[in-house]
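Here is a short report for a newcomer. Look at the sequence and the model first, then read on.

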Number of protein chains: 2
Amino acid sequence: MISDKMKKLVNNNSVIRQMFEEGKKLASIYGKENVYDFSLGNPSVPAPKEVNEAIKNIVDSEESISLHGYMSNSGYEDVREAIANSINQKFNTDFDENNIIMTVGAASGMNIVLKSILNPNEEVIVFAPYFVEYKNYVNNYDGKIVEVLCKESDFQPDLEEFEQKINKNTRAVIINSPNNPTGVVYSESTLKAISEILEKKQKELNITIFLISDEPYRELVYDDIEVPYVTKFYNNTFVVYSYSKSLSLPGERIGYVVVPNEMEDSKTVFEAVTIANRVLGSVNAPSIMQKVIKKCVNLKTDITEYKENRDLLYNELKKLNFECIYPQGAFYLFVKTPIDDKEFCEIAKKYNILVVPGSSFAGSGYVRISYCVSNEMIKRSLPAFRKLAEELFNKNFI
Amino acid sequence: MISDKMKKLVNNNSVIRQMFEEGKKLASIYGKENVYDFSLGNPSVPAPKEVNEAIKNIVDSEESISLHGYMSNSGYEDVREAIANSINQKFNTDFDENNIIMTVGAASGMNIVLKSILNPNEEVIVFAPYFVEYKNYVNNYDGKIVEVLCKESDFQPDLEEFEQKINKNTRAVIINSPNNPTGVVYSESTLKAISEILEKKQKELNITIFLISDEPYRELVYDDIEVPYVTKFYNNTFVVYSYSKSLSLPGERIGYVVVPNEMEDSKTVFEAVTIANRVLGSVNAPSIMQKVIKKCVNLKTDITEYKENRDLLYNELKKLNFECIYPQGAFYLFVKTPIDDKEFCEIAKKYNILVVPGSSFAGSGYVRISYCVSNEMIKRSLPAFRKLAEELFNKNFI
């Protein structure tokens, strides 16, 4: 009944769905408070209170027809201008409203960018492990995902392999820093190195390669780590941003795409992305949320709890013999598994711990643990992790 | 720089954009109040006041994390249940939350349905004139649009031509009643006839053909005209609905898709549409607007002004010799042009009247006049229409 492309997706989906169902089943048997669900990337910290104040204020002060009405497919000009100014202030860039397209979150932003640039069979390089949905997004436009492994020592891209895999068919490279699922942040030197390779290959092969920087976790960094602004290093860069994590608004679907003037044929690309926003069905980003962003453009959610969670869980897992990179951003720990990662997840379930196998991120041999949960749940889960470690390492931890 | 598919869209777009620019130019020369812009389908009647009250109430009463957080990709269960109940009450159907997928408006609903069912080169039949975007939506999934003309006498589908054009490659039929651009509503007998032809052809060719009923104008009907519920006549029917016009919320992007149990393989199709919602980038419909719909599920915008506009403009244009079907729904008049429709639009511009050529809807020889404008603007525009008629028909009207 359904299309061939969707058949594959429906089949794959059932694996993930099984896990959800399992979680529900465990909760119904053992009680919700005795199940430790670390599988989701849903913010556990509320939106800043200014967000709800802005909503009420906007509803009270703006005329209904213009507040809830259509605007340009790229979004309200004043909202885009406010965002451009905010980026300029933070990163010393030079954007204006004609560089910003408001989108239905980053997922939609990724889709309209890929639709705008990708011809069938063109290649998009990703650094593995990576967010599984990239494969689906690229497949929407009949592109081909090419995986370049990160080095296991620090989960930074393997630049030699990267350079080798660029060829005439390479159309784009997706980076995601702070990273889902590893929590790693790409340093300025990594970004410069990627950019230099891209510049060199563009000239050598006489092609255009776009860098797509997917940045939903930009504001979720700890200990004064800096996340450099990628357009500074490479002209053909799209920035895809979302307020899902930075303002804890994932359900509202609000984000934007940056198309810098320095990009080749920038104006045409901007127009293409805007049209893609329309014809793929978003038409425009939700109007009330656009207005909210204008009022909250320099705010971010309080990440104190995430940082506490990271440190608590990281330290406890290290004590229990687990190996893991100390994450600088996002809200994930990517933990090495002493056994097959799917098997690990099955055994963890015995202790009512739910985590996602790394193989779902093209990173087998690891599991992703989302620490965007209550600090209190992490504390409650520690005895369960201890028992899991005792079984896995065949050793007592006290 | 951009993909081949997008190149065509960018080129076509500039024609429409030129019209917008022209409108702005005219307004700057003659003053906004002296330009009569009938080109857009943007509601001119505000949302019911209960919408804004609901927004404030929700913000005050719901917890931020769950209000603005992720939910199932098909939407909140309670919202879907409320919508199912509301449809059941009105149309004596038997839906529940497992038949409803919340979407980012009807445009996104159309996209995720088409993505779910369409393989490359499969055909989708539309009845011309039709909403231009259907072609783009079908093209997103490499399908082929097949146009079947409506009869000029009443703009109901030509059923003989329809039957002839169904073949092994036919995958879906899109209907849109009340119709953009003609304002026509399909009667029960028309819908039954379409359904019977589809049933017959499904058996004859041993294929499945989906009927997609795009219904953003369902609530905009006048004089107690009924808009029959299409799932009653044909099992393989998707209903694609939007609150853009019914609650005057086009910028907020909120709607839903109905997948009835009677559809072949209904559960798999539901799952496919839900996954398509995710991978095409919507992820889910905006969460706050979903909650608003639950509270306003049986409301609709006040259409008194649209009805007054229709009657005023229709009667005046008839007096001026123009030929036009009396529309039963939506907010468009589809007026026959005594000359080429694009030429008509050019001449109309001389009188500061902006309308859209029918050829943009595969209906050349006509223009679309959107009467979702203020009643007062219509009154102001009448002398301009008179001058236009005098030039076109070479005759004096007093």
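Which residues are exposed on the other side of helix 8 of chain A? They are A:Ser189, A:Lys200, A:Lys203 and A:Glu204. Exposed means that 12 or fewer other C-beta atoms lie within 10 Å of the residue's own, buried means 20 or more, and partly exposed lies in between, with C-beta atoms placed from the backbone.

This is a predicted model, in which local features need pLDDT of at least 70, side-chain atom pairs count only at pLDDT 80 or more, and totals for chains, interfaces and linings use all residues. Residues are numbered from 1 along each chain as its sequence is written, and chains are lettered from A and ligands numbered from 1 in the order in which they are written.

**Helix 8 of chain A**

Helices (H or I, at least four residues) and strands (E, at least two) are DSSP runs, numbered from the N terminus. A:Leu191, A:Ile194 and A:Leu198 are buried in helix 8 of chain A. They cover an arc of only 65° around the axis, so they sit on the same side of the helix. That arc is taken from the directions from the helix axis to the C-beta atoms. The buried residues of this helix pack against two strands of chain A, strand 5 (170–175) and strand 6 (210–214). After the helix comes A:Asn206, with a positive phi near 55°.

**The two chains**

A turn of 180° and a shift of 0.0 Å along the axis lay chain B on chain A, with an RMSD of 0.0 Å. That is the relation of a two-fold axis. The superposition is by least squares on the C-alpha atoms of residues with pLDDT of at least 70 in both copies. In chain B, the C-alpha of B:Lys56 is nearest the axis, 2.8 Å from it.

Residues are in contact if their C-beta atoms, placed from the backbone, lie within 7 Å. The table gives the share of each chain in the contact.

| Chain | Residues in the contact |
|---|---|
| Chain B | 63 residues |
| Chain A | 63 residues |

Helix 5 (105–117) is one of the elements of chain B that give two or more residues to its side. Helix 5 of chain B gives the most, with eight residues. The copies meet through the same surface, because 100% of the interface residues of chain B are also interface residues in chain A.

**The core**

A:Val257 touches A:Ile101, A:Phe238 and A:Val273, among others, not counting residues up to four places away in sequence.
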